[in-house]
Every structure is written in C-alpha cells, then in structure tokens.
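Notebook open, model loaded. I want to look up the ligand site first and then the metals.

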Amino acid sequence: MEFTIKAGSPEKLQHNCVVVGAYAGARLSPAAQILDQASGGLITSALQSGDLDEKAGACLMLRTLPGVASSRVLLVSLGKAEALNDKAYRDAVSAAARQLAGVAAPEVLFCLAEAELPKRDLAWKLAEATTLLQDSTFRSDWLKSKREESPKGARQVSFLVPDASDATLQGALTRGQALAEGLALTKTLGNLPGNICTPAYLADSAKQLGKEYKGKIKVEILDQAEIEELGMGGLLAVAQGSMQEPRFIVLQYKGGKGKTAPVVLVGKGITFDTGGISLKPGEGMDEMKYDMGGAASVLGTFKAIAAMELPLHVVGLIPAAENMPGGNAIKPGDIVTSMSGQTIEILNTDAEGRLILCDALTYAERFEPACVVDVATLTGACIIALGNLTSGLLANDDALAAELLASGQEAGDKAWQLPLWDEYQDMLKSNFADIPNIGSKGAGTITAACFLSRFTKAYTWAHLDVAGTAWKSGADKGATGRPVPLLTRFLMNRAGV
Ligand code: BES
Ligand code: MN
Ligand code: ZN
C-alpha cells in the first residue's frame, strides 16, 4: 500500500472511494459535511433514515453521489462525539480497512484523521491510520498450497490534510509504515511453525535484517561452542534436550552520533515449548510455537526503528533454543550454573524461559546499558491475571516502568504494572542451589520476574510478560505483533521524535 498526503476539496478530488466520518446523532465531520452539501443532503438523509449504526466502526457505502467526483463514499461511524477516544478512532479506521478490502477501489481518499480526538495531534492520527491500514493487508497463508490472490482492496491511500507540504505529516506516514513493517516481521515469525522457525532460522532472520539495513544494523550470531565458552549454563540446559542447537543473537543498531549508553532489548526465543520432561498437556500445544514472540518483537522493533532511522543506540539480545523432552534433557532437580555464577535448581523444566533469559541479562552488562527491557511469553499466570488485552510489566525502577506504561498508552499496546516487592523474593528458596527456577504457589508472574531480577542488579531494568498479548487464540488465531508498538513508541520517545 502507498500512502500520501493531499490537500483540496474532498468533493472535487477524484478517487475510487472517499472515506469520511459521522458521529452519533447525524453529526457530520467537516469532510462529510462538504460532501453532504455537494450532494444536496444525501448523506444527512441516509443518516436520518437510520442506515448507519451509531457505534464506532459501523460503515455505510454510498455510490455515485451527485456533485461528488469520487464514485464511492464510505461513511464510517465515529460513535458519540463526546466519547471519541483512541479506541473509537482505531475501531473506525480498522472497520474502514475491512470494508475497503472487499471493494475494487484501489485509490482511496481517507478523511478520518480529521476526527477530533482529545490529546492527539494530526501526525499521531495519520501515523496510526497508516499502520492500521497497512497492517490490515497482512496475510498468513503463505504455507497453503493454493493462496487466494485478491486483486481488490486499497493500493493508494491519500490522506486529506489542510497543508500537504507539511514535512511533519509526511514523516508521520513514514513512521506509521515503518511500524507496520516491524509488525509484519514479528507476526510472520510468530506464526511460523516450530519445524521451520528453529533457533538457526531466527538467527538467519536476524542476519537477513542486518543485510536489509546494511551499515545500520550489525548482527552477530553465537553458536553452541561460543555459548559454552561464555558459560551460559541456563541456555545450554534448556537446549540440551533438543536436536536443534541453541543460538545467541546479538543485534546492534547505531542511529545516533557519538558514544551513548544503549537501550538493550532482550527477547525470549523458545522456538517451541513442549515443557520438556515437565511435559505440557496436549491441548493447544501447537500454540507454543509462539514462545519466541519476545524474540520476534525485538527483531520487529529493530526493523521499525531502522526504517525510521531513529537517532539512538539500541542493542538486541536473543537467546534461542527449543524446549524438548529427550534422553539428554534436563530433569526436575537438576542443578546448573548460570553465566552469572549463580546456581539454579530446575524444579520444573517448563519454567525454561527464565533459564535462557537470565544468561542474556548477564550478557547485557557488558554494554553498560542506559536500561534493559526484556520481553517474554513467560507465564500462563499472566494470562490469568490480565487476559489477552494487557501485557504484564515489572521493573526494578519506577521511572522506567512509568515510561513504558505511557508508551503503551500512546501506542494502543497497553501494559499494567505488577509489584516486584522484596517480600516476594522469599517465595524463591532452594535447599540445594542459590535459586530454584519456580516459586512457591501463587503470584507466578511476579515470582518469574523475581527470578529475573536476581540477574539485573547492575542496571535499570523492566520486564514485559506478553504471554497473553503476543498471540490471539480462537478462530483467527495468530501472532498479534505486540509489544512492537509499545517498544517502538518507547524508543521514539527516547529519541525525541
Ligand atoms: N511459555 C510458557 C508460558 C506461556 C503459557 C505462554 C501459556 C503462553 C501461553 C512458559 O515457558 C511456561 O511454561 N511457564 C510455566 C511456568 C511454571 C512451570 C512455573 C507456566 O506458566 O505454567
Ligand atoms: Mn515453558
Ligand atoms: Zn516457554
């Protein structure tokens, strides 16, 4: 999809479809008002006869309005004007995208960004719409033998703006599209099955990204021998039950000038989680292919920020392994030594994420980071606590937590903070090693973060548990791309754009 900005009168600009908004109570947005006047009140009469539901996102397609140059007008409900918020705006844009996908209207004039959204400027609304429209074309049917080629849908979207020479608005489109590209990479990787997306495959994807953004993203892959050399006993322990060798992926994006402390992003890269010897039940186990969602979100975020050319130094760390039962697999009770030197009693082999993350968190120290944010599909308990709408956030620094929470709000990719109080640390006690890999009963998301916190003493750190948000179950199951919007917004804010 191509995006541009355009100024002019909406009734005179000729496209295959003009998309305009209407509020509840037959109140028209400015562009809709102009089309209504040009057509002698046809829009108003359609609304007054109740043809458009008042709920945000309802749509009504009108054809050949007299006085309107475009052949179609797509009327989209924005809901009650006084209740207009980010969600209503996104719902309206997404609904318009769905309608457009089914119509042979390649050239679209899109006027929903004029919606009067409290606290959001035009650039925000344009970037958001760009991402949503582009993202609506994402498909996951590349492994079907017969793919449906749809010639329909929007190809060229022009956003109606007051001033088409405004460089900020042009920049908003570029950033919106960059985020959509990052999302697409993350979703593609998350949807790939475990027999294709192995640790080696994740490493190749990172290399590919390095090639695509040559000179901007540097990629280094550590193999089994190098991981042994580093003493990453946690990562090695998880990998030892699998035929797939682990990888440790290091990405560096240097957009800024001079030497600045980097933001380090760490992503859990379990390419399939069977649970290991502490085997998971069979039902829905296929979904554990997305246990590398954290890793995929780090790669997607790198893609987005590189496409945006953010002036920032960011490091990405991805420990990648497959968690399998097997003759050589770790067993409950096994004790291993992490890279930090701390010994870990593995009481449940299904708590493998923290075992690979702890070594990555220790490795992060060498970058003297400004802060470290890890992303992981870490606990089923987080889904119990927050469902599929909100990511769990835990941090050893409240300012960093607040920054991430605000970024999530801005990006429509929300997180909620859970406590990481010292009292919870007492739930992690081992008779035989420094630390067990599971806590006593209850507060599973918090005890998982407590475990990680034992390896993050050297820097400011936050942890995002995306077990519930990175994946959608049910009829249209698949990766969501979260938390790429949150992370990208966080980095944009740090870069001051
Ligand atoms: N990958 C899972 C967490 C998960 C569960 C993600 C469901 C997405 C959906 C993780 O490795 C795991 O198995 N965690 C265990 C920890 C427990 C053994 C302490 C869990 O949550 O059950
Ligand atoms: Mn597990
Ligand atoms: Zn897991």
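I started with ligand 1 and listed its surroundings: 17 residues surround it, and the closest are K280, D291, D350, E352 and G380. Worth keeping in mind that this is a predicted model.

Next I went through side-chain polar contacts to oxygen atoms of ligand 1. K280 puts a side-chain N or O atom 2.8 Å from one such oxygen. For K268 I read 3.2 Å between a side-chain N or O atom and an oxygen of ligand 1. D350 also turns up, with a polar side-chain atom 2.8 Å from a ligand oxygen. I then checked how covered ligand 1 is: on its own it has 510 Å² of accessible area, and the protein covers 78% of that. The pocket search puts ligand 1 in the second largest pocket.

Then the metals. Which residues coordinate the manganese ion (ligand 2)? I found D273 (OD), D350 (O), D350 (OD) and E352 (OE), at 2.1 to 2.2 Å. So D350 is on two of my lists, as a manganese donor and as a polar contact of ligand 1. The donor residues are spaced D-x76-D-x1-E in sequence.

I looked at the geometry too. The arrangement comes out irregular, because the six donor atoms around the manganese ion subtend angles of 70 to 169 degrees.

D273 needed a second note: it bridges the manganese ion and the zinc ion (ligand 3), and the two ions lie 3.1 Å apart.

Last lookup: are the other two donor residues buried or exposed? E352 is buried, at 0% relative accessibility, whereas D350 is partly exposed at 21%.

Notes
Residues are numbered from 1 along each chain as its sequence is written. Chains are lettered from A and ligands numbered from 1 in the order in which they are written. This is a predicted model: local features need pLDDT of at least 70, side-chain atom pairs count only at pLDDT 80 or more; totals for chains, interfaces and linings use all residues. Side-chain values use heavy atoms; hydrogens and water are left out. Donors are N, O and S atoms within 2.8 Å of the metal (3.2 Å for Na, K and Ca); water is not among the atoms, so sites may look incomplete. Four donors count as tetrahedral if all angles lie between 85 and 135 degrees; four count as square planar and six as octahedral if opposite donors are over 155 degrees apart and all others between 65 and 115; anything else is irregular. Buried means under 20% relative accessible area, exposed over 50%, partly exposed in between (1.4 Å probe, protein chains only). A residue is near a molecule or strand if one of its heavy atoms lies within 4 Å of it. A polar contact is a pair of N or O atoms within 3.5 Å; within protein, one must be able to donate a hydrogen and the other to accept it, and residues adjacent in sequence count only if both atoms are side-chain atoms. Accessible areas come from the Shrake-Rupley method with a 1.4 Å probe; for residues, only the protein chains shown count as cover. On a 1 Å grid over the protein atoms alone, a cavity is a set of points where a 1.4 Å probe fits but cannot get out, and a pocket is an open set with protein on both sides within 12 Å along at least five of seven lines; lining residues have an atom within 4 Å of a point. A molecule sits in a cavity or pocket if more than half of its atoms lie within 2 Å of its grid points.
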